[in-house]
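Here are some notes on the model, set out as numbered points. They move from the sheet to the core and then to a single charged side chain.

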Amino acid sequence: MSCVHYKFSSKLDYNTVTFDGLHITLNELKKQIMGRERLKATDCDLQITNAQTREEYTDDEIHIPKHSSVIVRRTPLGGVKPAGRTFIVDRSDTAVVGSSRPVCKTNPNSTLSPLLSPLSLPPFSCFSHLS
């Protein structure tokens with residue numbers, strides 16, 4: 001019996017996949033790891049990297065020799081989904097690196113709460129921002 005030792009990048013110990021022959025294809029190794037770890041092929045894919053050379057195996061038909069050690073990482077099938085947030089960055093030529101400019105203008109009509117008046121805060125609706 002031949003074997004390939006594998007471990008997930010987040011784990012400390014290696015596990016073993018056994019097979020007949022001198023080598024195993026990447027596709028068959030992924031199937032066996034998913035079966036042993038009870039992972040569903042519809043949920044994720046596996047990224048397999050040689051533990052000694054750090055070479056990533058990408059071709060499903062590549063032959064991995066017996067007694068090899070590999071590192072396994074789970075990856076999402078559809079790629080990483082965006083967070084759904086949009087960030088707007090002000091790249092105007094009035095912003096100078098290292099200068100301080102107010103993000104919001106002062107509000108002359110603002111009144112300070114009686115709780116804040118001992119702090120002597122200026123009547124800003126927001127604070128200054130370093131660019």
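**Notes on the sheet, the core and one lysine**

1. In this predicted model, strands β1 and β2 run antiparallel and are joined by five bridges. Within this pair, Val4 stands opposite Val17 of β2.

2. The pairing of β1 with β2 belongs to an open sheet of five strands, whose order is β2-β1-β7-β4-β5 and whose pairing is mixed. The edges of this sheet are formed by β2 and β5, each of which pairs on one side only.

3. Strand β4, covering residues 44-50, is mostly covered, with five of its seven residues buried. Its partner β7 (residues 69-76) runs antiparallel to β4 and is joined to β4 by seven bridges, and in this pairing Asp45 stands opposite Thr75 of β7.

4. Strand β4 is also joined to β5 (residues 56-57), again in an antiparallel arrangement, by two bridges; here the bridge partner of Ile48 is Tyr57 in β5. The two strands form a hairpin with five residues between them, and in the turn Arg54 has a positive phi of about 65 degrees, a residue that a colleague checking the backbone may wish to look at.

5. Which residues have the most contacts inside the largest nonpolar core? This core has 18 residues, and those in question are Leu29, Ile33, Leu46, Ile48, Val70 and Val72. The elements that contribute two or more residues to the core are β1 (2-8), β2 (15-19), α1 (26-37), β4 and β7, and among these α1 gives the most, with four residues. As general background, nonpolar side chains in soluble globular proteins tend to be buried together.

6. Leu46, one of the core residues just listed, offers a useful view of the surroundings. Leaving aside neighbours within four places in sequence, Leu46 is in contact with Phe8, Lys30, Ile33, Met34, Leu39, Val72, Arg73, Arg74 and Thr75.

7. Lys7, which lies in strand β1, deserves separate comment. The residue is buried yet has no salt bridge, and the nearest side chain of opposite charge, that of Asp13, is 8.4 Å away. Because a salt bridge requires a separation within 4 Å, Asp13 at 8.4 Å does not qualify as a partner for Lys7. What the side chain of Lys7 does reach is the backbone oxygen of Lys11, at 2.8 Å. Not counting residues up to four places away in sequence, Lys7 touches Leu12, Asp13, Tyr14, Val70, Ile71 and Val72.

Definitions and conventions. Residues are numbered from 1 along each chain as its sequence is written. This is a predicted model: local features need pLDDT of at least 70, side-chain atom pairs count only at pLDDT 80 or more; totals for chains, interfaces and linings use all residues. Side-chain values use heavy atoms; hydrogens and water are left out. Buried means under 20% relative accessible area, exposed over 50%, partly exposed in between (1.4 Å probe, protein chains only). Two strands pair if DSSP finds at least two bridges between them. A nonpolar core is a set of buried Ala, Val, Leu, Ile, Met, Phe, Trp, Tyr and Cys residues joined through side-chain atoms within 4.5 Å. Contact means heavy atoms within 4.5 Å. Lys and Arg count as positive and Asp and Glu as negative; His and the chain ends are not counted. A polar contact is a pair of N or O atoms within 3.5 Å; within protein, one must be able to donate a hydrogen and the other to accept it, and residues adjacent in sequence count only if both atoms are side-chain atoms.
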